Amino acid sequence: MKTLKYLSHRIYTTWCVTWFVLPFVVTYPFQVVLLRKAKWYRHVHNINRFWSSSSLRMFLAPLQLEWRMHFDRNKQYVFTPNHSSYLDIPLLLHTIPGFLNFVGKSSLTKVPLWGKVYQKLYIAVDRKSAMSSAKSYIQSVRSLEAGRNLVIFPEGTIPKTAGEKLLEFKDGPFKLAIEKQLPVVPVTMPYNQYFLPDLDGKLKVRWHPLKIVLHEPIETKGMTLQDLPALKEQVFQIIQTEISKHNNTHVNRYSDHQKISTLSQA
């Protein structure tokens with residue numbers, strides 16, 4: 001049984017990696033051409049959405065999209081998702097329509113091939129550098145002024161407690177939302193860490209259902225920076241509560257599975 005389980009896992013990992021890499025490789029030449037002019041960047045973003053959607057479908061894992069908000073294409077939003085896996089950005093690309101902009105760690109720009117695309121299309125930040133943080137903030141402001149919706153992970157990095165406990169939120173996304181008087185949309189992705197965990201560079205894919213919850217927007221009209229701590233805490237509690245609910249469900253399912261396995265062996 002252990003050998004069969006190992007082989008099935010290796011086959012599934014190979015299948016997922018193949019279908020993650022293949023759409024990108026096929027579309028990469030088109031991306032390179034379109035990256036030559038800024039006015040074509042939207043098309044590159046759409047190609048990346050196609051890449052993400054294709055990969056997610058081929059992972060053969062159920063994906064539940066739960067919209068608790070009404071997405072108005074004529075409005076702008078600051079999306080604040082929890083960060084739990086390298087699967088987060090593909091899932092957000094697949095789910096949220098429009099020409100999104102992401103604020104992500106600078107190491108993404110060093111990924112072969114994809115790094116060049118990210119550097120042109122999105123915003124990279126080295127959170128250990130005050131200068132880099134300031135530059136990314138200015139880029140974020142300009143992106144909002146250009147009409148793009150913005151996705152910022154308020155935790156800043158993937159925590160070791162992903163799927164259980166959130167890291168303390170950074171001020172950045174909430175400061176931006178208040179200064180621009182834009183609604184904040186909390187986003188919860190409760191299962192990504194089970195499917196593709198962050199294992200310090202080691203790749204391990206495990207089949208697991210996926211889900212993304214886009215909560216109701218929190219309006220910031222009339223707020224000032226004095227309201228920032230309360231806004232940040234409100235978003236934190238919304239996401240943490242949702243994560244805890246799904247984590248309990250996952251643990252209960254796993255316990256039931258273990259009981260069934262034990263009984264069958266007996």
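## Close-up views of a predicted model

**View A. Helix 5 rests across four strands.** In this predicted model, helix 5, made of residues 130-145, lies across strand 2, strand 3 (101-105), strand 4 and strand 5. Follow the helix next to strand 4, and you will find the two running at about 160° to each other.

**View B. An open sheet is built from 7 strands.** Reading across the sheet, the strand order is 1-7-6-2-5-3-4, and the pairing is mixed. The edges are held by strand 1 (63-67) and strand 4 (123-125), each of which pairs on one side only. On average, and ignoring direction, neighbouring strands of this sheet are turned by 20° against each other.

**View C. Strand 2 meets strand 5.** Here we zoom in on one pairing within the sheet. Strand 2 (residues 78-81) and strand 5 (residues 150-152) run parallel and are joined by 2 bridges. To find one residue pair, start at Val 78: its bridge partner in strand 5 is Leu 150.

**View D. Helix 2 packs against helix 3.** The axes of helix 2 (residues 41-58) and helix 3 (residues 88-95) are 8 Å apart and meet at an angle of about 110°. Because angles of 65 to 115 degrees count as roughly perpendicular, helix 2 is roughly perpendicular to helix 3. Helix 2 brings His 45, Asn 48, Arg 49, Ser 52, Ser 53, Leu 56 and Arg 57 to the contact, while helix 3 brings Pro 90, Leu 91, Leu 93 and His 94. Sorted by class, this contact of helix 2 with helix 3 has 4 nonpolar, 5 polar and 2 charged residues.

Methods. Residues numbered from 1 in each chain as written. Predicted model: local features only at pLDDT ≥ 70, side-chain atom pairs only at ≥ 80, totals over all residues. Heavy atoms only, no water. Pairing = 2+ DSSP bridges. Axes fitted to C-alpha atoms, helices over the stretch in contact; angles between N-to-C directions. Contact = heavy atoms within 4.5 Å. Parallel < 35°, antiparallel > 145°, perpendicular 65-115°, else oblique. Nonpolar A, V, L, I, M, F, W, Y, C, P; charged D, E, K, R; others polar.
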